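This briefing sets out selected features of a single model, grouped by topic. Please consult the sequence and the coordinates alongside the text.

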Amino acid sequence: MICGVDAHPAIPRLPGKSATIQSSDNINNLNINININTNNNTNNTNNTNNTNNTNNSSSSSSSSSNNTKHPSVPRTNTKTKATDGTVKKKKGSPAPISPDSGSGAWNPAATGEQESEESEEGEEGATDIPVPLGSDTPTTTTTITTSKAQSQGSRLSKEQMEDTRNYRRSRSRSNWACSLGTLAVTLLSAFVLWSIVQSYRERQCDAKGCRMSRMSPVYLKAKDFDTEHTRFASKYSLYLYREHGVDEDYPPKGVPVLFIPGNAGSYRQVRPIAAEAARHFKNVLSKDETLAKAGSRNLDFFTVDFNEDITAFHGQTVLDQAEYLNEAVAYILSLYHDSRKSTMDSDLPDPSSVIIFGHSMGGIVARTMLIMPNYRIKSINTIITMSAPHARPPVSFDRQIVKTYDDINNFWSRSFSEKWANNNPLWHTTLVSIAGGGLDGVVPSDYASISSLVPDTHGFTVYTSSIPDVWLGVDHLAILWCDQLMKVVARAMLDIVDVRRAEQTKPRADRMRLLKKWLLTSLEEGTEKLLPRAVPTTLLTLEDNSQNITSLGQRLVLRNLGESQKPRAYLMPVPPVGEPGSIKFNLMTDQTLEQGRNGKLEVLFCSVWPPKSGQGAALFSMNMDLSGDTPGSTRLACRGATGDVIRLPASTKDAKHSFDDRTPFSYLEYKLEELAEFAEQEIDRFEFVAVVDKASRKTDGWVIAEFVSTRDSRVQSNASLAGLLTDGVHITLPADRALVTDINIPVIHSSLFAYKLTVGPQICNNGQLFTPLVRQYLADPYESKFFVNVQTADINLHGTAPFLPPALRPNSRRGLSLQIWSDPTCNTPIDISVKMDFLGSLGRLGMRYRTAFAAFPLLIVALVFRKQFQQYDNNGRFISFGEGMDLFVSQSLPLVLMSLSLMAVSLSFAKSESTHGVPSPLDKRSESHPSTTASMQFAKNDMLIGLQDPFFWFLAPLFGLIAVGVTVLINHLTMIIVHASATVYSVLDRRPRWESHERRRANNGPFSTSSPRRRIVVTSFLLLFVATIVPYQFAYMVACIVQLFTCIRALKHAKENNSGPAWDFYNYSYSIFVIMLWILPINLPVLAVWSHNLAVHWLTPFTSHHNLLSIMPFILLVETLTTGNMIPRVTTKMKYVTNCLFLGLAAYSALYGLTYAYRLHHLVNILAAWFVAIHFSKTRPTLAGLMEIFLEDPEDGEKKRHQ
């Protein structure tokens, strides 16, 4: 390193030291004489530290004169020793490369630089010494002669000297150090990140209550399904599930169902649903001959062994599985041709379709089957998925998986946009998506929504907490073995079966009605009621003077049943029909409502008999005579309401959870116009509601029934977002309230917020019939949660979520609704409050923005790397990553956070106001359907934070702030690995003391000494493997490992030499490794898929991921760095290209890094290609040079490198 001085030798004298500077204005060589007075102890210490770095030739020539060893000046072997002990350089010898000199290639392996170029600073206040000294004498004078490349008379300015001194002093800064600003930002980031993790783990957590299913599995492998049927026969297998002791072994005679496991799933996961379906059919359905005549049969579950394929990370695996499954469906259908002909079912049609039951990514594979070329038309008409991410891929690390999602979503949306049913290939297909809710920590349940893909006539999304008799959330795996859930799903699947049809299922409209009946609460808006379509089945005969008839509008309350110790009917007159939706009927009881002679309670809707002419008494299947054979009795024609009973969780004083094993409440709800809908077509309109108490003795049980005004039972909150955040929502239910009150809060709709619900105490003087029961629900998707005996409850929902496309048909009812059942007989008001849970809301961010912790740190790394190159190109010094981070935090971080905020606000307004949304890389439009994709807007919310609400602008700078802390943390962890490895490497590479320095330098160079020909051959073979066998992700991992070893060698060499160029190269190579390290997680999933294929002996190469251009720049860059070549400085305008590349990478990481993460690899790949171009810009390859590389004798080349 050259220490510059001013033309006027006015250098301040330091205490205890003297400096003498000699200069000449008439010559090109500048002579600097520095006299340094030091004590013997200091010299002895320096001499000890520099003994191993002493040049043997110089020391031997001077040993006879003063018996003192002097270290040699780096980068030259043409030094002589003066008689006065001064080290001088011969005239014409090359000058050392200065960090400020603009030289681009520092190759210590080629120059043989092994000695220290600078000495470490000694005591506090000591003068920086450009050449290390190791003399034993108390006074040493060293003269360095340097050649200037300027014109005659040029001199070193004072500013140059100050720059050089600052450069020298900064070399002593530890790589572990950071500024106070960086430390403060890191601590703040760590605190926020810790709060998010703690909130996710400890707050707003749904209770677990699943019971384990029981099963006795037997698996029969389809050995005939071999390579004659599919090319994947050697990789995948097909099995038929049989429940031991329940199912017949073979052949299958029921309705085929195909189970598709998810990502890394097992074919054995079919056990719970298959066992439950088999047991329920044998124990219940098979004993009813009426059901058998109606087409009811058992279910034959087939399952596929995918060898636990990883489908979430690899789109080609999804396509391979879909192709195999279409061939499996054809084989399964062929099994029934012979089996049914040999049995009593020979008159039934051959099956033409199967029911698909898919878990997780298996649901995506099921939808993909319909777009494959080998798909058999109408071979699939019912798809039921469990925790399947339909809306978007769970991770976007693979281009093929993103493209597959785009293809299947476009196909489904385009099909349902057809005007005519004949043009819609999915017209007879139904799709039901069941989501687990907040307990699913693998796939965000928001992604299970299909509202943007399928209309309500063909499918819906439901959460397990909404399903009757389940009423709980489940995690990603428990959704397949939760006993409560499996019972309901198995019954629903058995209910839609009809073997009399070739499709093996009921028509689409009937399937949808039955699936909604089993899987929805029946409290949803527009739920179809069975009562208006039913025919009178009960003739109720009453004594005129002995029956209780409530007055119009009076509430019926029964606190006990069987008080009269005989059956008794209570009549409630039906009010006249007014405005639509103005009056509704509510009834709630803790008894089970059953029609017929069983049960203690029955509810009938009646009209006065006799009917119109032509109708006789034979119309009724049951006569209920409560008149006691007295004259003057009244006869009523009644219809039972059993089919419309809604089961609700029992809410008593000792209830804790909605899924407790208790007899549920029974609830009936009708709008008045629903009761009169078909009255004029069949019989006169309903005149009475008869509540029949059939208990023969007094028993516990209560009933509450009423006709109420809809206006009195609904509350609309007008709270603003600001009011919600500051004070919450407060509502007081009056003492004379209805049985059920519906509260709608439109401002609560985001899935990123969590709330606390508080229900005030209720005082009842006459005894409370039941405690408050609360239902939290959304209109779309169908998500309900029930809270029993509620005082406080956690409110979290899956409403408006990040990155989800808009719904196909948005629901008119927006926001969260609370349906509250409370005892109206208490006659006391109830206070309801909903407040924001800020700490609980933090945990919602962790699940929705998991990939942000991979994309946003790359934004920070790119901008820090940009700072490093700016310093290097301007000042000639490549600062460390830590120093670059300090500069970024102090200079650029506020601007970055402000830019992220402005982008979030502007994009939010643009998305909400634009009809077509913000353009996206995936916004493709089909020529035949130019408006389909635009109308569906699948890519509308794929930028930045993925939301249209401007309120969430703060999330972008928040993630940027967290990314700084994450980057600093990962940087220090990486430094620990590199420094520890360098220490181990130094110990293992230690040479014997008796070995000569020349031999040590020849045999133990710091960097690669292999010949260029050998490196070219190795690189060519690696690229050949990438093009044919291995994916480029494998080569990338190899490049990362090689780069790690390069960093270790560079650090070892920098510590031993303590020279500016050595530290520059280490900082540069380390920063390259850091940015490659952040891209590594994007490549590892595909590499895991490839490794898994090898493990299962599937040696067929990938049909994708063999693009050489995706890896060649990385390989060339890493190979160049193994030789120790420092990247040249770019002082021309081309340095702005580097600047723009870094800014582009940073911008893309923020805007699209979360949704299209796979492109980050290609952007960094372009950056690596640019670095390679800079490396070769100073030493352009020539034809003669290439010929010399391949014609050079290996032994001669080895001797040249060791000379």
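In this predicted model, strand β9 (residues 354–359) pairs with β10 in the parallel sense, over six bridges. Strand β10 (residues 380–386) has seven of its seven residues buried, and is therefore largely enclosed by the rest of the structure. The points below begin with the surroundings of β10, then turn to an open sheet, individual residues and a surface patch.

**Strand β10 and its partners**

- Within the pairing of β9 and β10, G358 stands opposite T385 of β10.
- The two strands also belong to a right-handed β-α-β unit, in which β9 and β10 are accompanied by helix α9 (residues 361–369).
- Strand β10 also runs parallel to strand β11 (residues 430–435), to which five bridges join it.
- Here I383 has L431 in β11 as its bridge partner.
- A right-handed β-α-β unit is likewise made by β10, helix α10 (residues 399–416) and β11.

**An open sheet of seven strands**

- Strands of a sheet pair through backbone hydrogen bonds, in either a parallel or an antiparallel sense.
- Seven strands form an open sheet with mixed pairing, and their order is β14-β16-β23-β18-β20-β13-β19.
- The edges are occupied by β14 (548–549) and β19 (622–626); each has a single partner strand, so one side of each is left without a neighbour in the sheet.
- Strand β13 (residues 538–542) and strand β20 (residues 634–640) are paired in the antiparallel sense, with five bridges.
- In β20, the residue opposite L542 is T634.

**T800, a loop residue**

- The loop between β31 (792–796) and β32 (816–821) contains T800.
- T800 has a relative accessible area of 36% and counts as partly exposed because this value falls between the limits for buried (under 20%) and exposed (over 50%).
- Leaving out residues up to four places away in sequence, T800 touches H749, S750 and S751.
- The C-alpha atoms of T800 and L947 are 8.3 Å apart in space, although 147 residues separate the two in sequence.

**Two buried helix residues**

- N1093 is located in helix α23 (residues 1060–1095).
- With a relative accessible area of 4%, N1093 is buried.
- Apart from residues up to four places away in sequence, N1093 touches K235, D309, W1098 and F1102.
- W1170 belongs to helix α26 (residues 1158–1177).
- Its relative accessibility is 17%, so W1170 counts as buried, the cut-off being under 20%.
- Beyond its neighbours within four places in sequence, W1170 is in contact with M1134, V1137, T1138 and L1141.
- For W1170 and L1141, the separation is 29 residues in sequence and 8.9 Å in space, C-alpha to C-alpha.

**A nonpolar surface patch**

- Which residues form a nonpolar patch on the surface? They are V1017, F1021, L1024, F1025 and I1029, and together they have about 450 Å² of accessible area.
- One of these residues, V1017, is found in helix α21 (residues 1012–1028).
- V1017 is partly exposed, at a relative accessible area of 36%.

How values were computed
Residues numbered from 1 in each chain as written. Predicted model: local features only at pLDDT ≥ 70, side-chain atom pairs only at ≥ 80, totals over all residues. Heavy atoms only, no water. Patch = residues over 30% accessible without salt bridge, like charges linked within 9 Å, V, L, I, M, F, W, Y side chains within 5 Å. Areas by Shrake-Rupley, 256 points an atom, 1.4 Å probe, with all protein chains shown as cover. Salt bridge = Lys/Arg side-chain N within 4 Å of Asp/Glu carboxyl O. Helix = DSSP H or I, 4+ residues; strand = E, 2+ residues; numbered from the N terminus. Buried < 20%, exposed > 50% of the residue type's maximum accessible area, 1.4 Å probe, protein only. Pairing = 2+ DSSP bridges. Right-handed = clockwise from strand over helix to strand, strands pointing away. Contact = heavy atoms within 4.5 Å.
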